[in-house]
Amino acid sequence: MGTTETNLAESLPRDKSYIQPTTRLNASTNKRAHDHQVESQGTSPEWAELDAQFRRSLPNEWYGRRLVYRGLVMRACGEVVKLDGVEIGEGERRKAEDLMRRAGI
């Protein structure tokens, strides 16, 4: 386990408020999200690369939050293979589960 992974668990707030939704979705927001999802079913390789660049630019605290969010979704929906247009690999599953375990989630 690397230093970065250790720091991720330590950087997560202990009150776990970061896993609570911060906004309420209304019918209009849900419709837009659904329409976007339908449009982006065939996610392009460019999206995956843009997301990878974005992920690498995140500070450790926000990278940890993102990994916890994705890990919670993976935990709840064990068969999910793509989340937010990004394929989920076994390495990410293990890393998310390890981070959540160390953070006490």
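Reader: How many aromatic pairs does the structure hold?

Author: Zero aromatic pairs turn up here. Keep in mind that this is a predicted model. An aromatic ring can still have a charged partner, though: the charged end of Arg-65 sits over the ring of Trp-62, 4.4 Å from the ring's centre.

Reader: Thanks, that helps. Let me step back to the overall layout. What pattern does the chain follow along the sequence?

Author: Reading along the sequence gives α-α-α-α-β-β-α. In total there are five helices and two strands.

Reader: What share of the 105 residues is buried?

Author: Buried residues make up 25% of the 105 in the chain. As for the surface, the chain exposes about 7,400 Å², and carbon and sulfur atoms supply 54% of that area.

Reader: And how do I read the contacts? What share of those with a separation of 6 or more is between residues 24 or more positions apart?

Author: That share is 64%. For one such spacing, take Gly-64 and Leu-99: the two are 35 residues apart in sequence, while their C-alpha atoms are 7.9 Å apart in space.

Reader: Where is Gly-64 placed? Is Gly-64 buried or exposed?

Author: Gly-64 belongs to helix 4. Buried means under 20% relative accessible area, so Gly-64, at 0%, counts as buried. Leu-99 is one of the buried residues of helix 5.

Reader: Let's stay with helix 4. What span should its 17 residues have?

Author: The idea is to allow 1.5 Å a residue, which gives 24 Å for helix 4, residues 60-76. The C-alpha atoms at its ends are 24 Å apart, so the expected span and the model agree.

Reader: How does helix 5 do on the same kind of check?

Author: Helix 5 has 13 residues and reaches 18 Å from its first C-alpha to its last, close to the 18 Å expected.

Reader: Which residues are buried in helix 4, and which in helix 5?

Author: In helix 4 the buried residues are Tyr-63, Gly-64, Arg-66, Leu-67, Val-68, Arg-70, Gly-71 and Met-74. In helix 5 they are Glu-92, Arg-93, Ala-96, Asp-98, Leu-99 and Met-100.

Reader: I see Arg-66 in that list. Why does Arg-66 count as buried?

Author: Its relative accessibility is 18%, and the cut-off for buried is under 20%. Leaving aside residues up to four places away in sequence, Arg-66 touches Asp-51, Phe-54, Arg-55, Leu-58 and Val-86.

Reader: That brings me to charges. How many salt bridges are there?

Author: The count comes to nine salt bridges. A good way to read one is to ask where its two partners lie and how exposed each partner is. Glu-97 and Arg-75, for instance, meet through their side chains at 2.7 Å, N to O. Glu-97 lies in helix 5 (residues 90-102) and Arg-75 in helix 4, so this pair ties together parts that are 22 residues apart in sequence. Glu-97 is partly exposed, with a relative accessible area of 36%. Arg-75 is also partly exposed, at 39%.

Reader: Which salt bridge has both partners in helix 5?

Author: One is the bridge between Arg-101 and Asp-98, at 2.2 Å, N to O. These two are three residues apart in helix 5, which means that about one helical turn separates them. Arg-101 is exposed, with a relative accessible area of 55%, whereas Asp-98 is among the buried residues of helix 5.

Reader: What about Arg-56 and Glu-49?

Author: Their side chains form a salt bridge at 3.3 Å, N to O. Glu-49 is partly exposed at 39% relative accessibility, while Arg-56 is exposed at 57%.

Reader: One last feature, the backbone angles. What is the usual sign of phi?

Author: Most residues other than glycine have a negative phi. Asp-84 has a positive phi, near 55°, although the residue is not a glycine. Asp-84 is found in the loop between strand 1 (82-83) and strand 2 (86-87). With a relative accessible area of 47%, Asp-84 is partly exposed.

Reader: Which glycine takes a positive phi just after helix 5?

Author: That is Gly-104, with a phi of about 80°.

Terms used:
Residues numbered from 1 in each chain as written. Predicted model: local features only at pLDDT ≥ 70, side-chain atom pairs only at ≥ 80, totals over all residues. Heavy atoms only, no water. Helix = DSSP H or I, 4+ residues; strand = E, 2+ residues; numbered from the N terminus. Buried < 20%, exposed > 50% of the residue type's maximum accessible area, 1.4 Å probe, protein only. Contact = heavy atoms within 4.5 Å. Areas by Shrake-Rupley, 256 points an atom, 1.4 Å probe, with all protein chains shown as cover. Phe/Tyr/Trp six-rings, centres within 6.5 Å; stacked < 30°, edge-to-face > 60°. Lys NZ or Arg CZ within 6 Å of the ring centre and 35° of its normal. Expected span 1.5 Å × (residues − 1). Salt bridge = Lys/Arg side-chain N within 4 Å of Asp/Glu carboxyl O.
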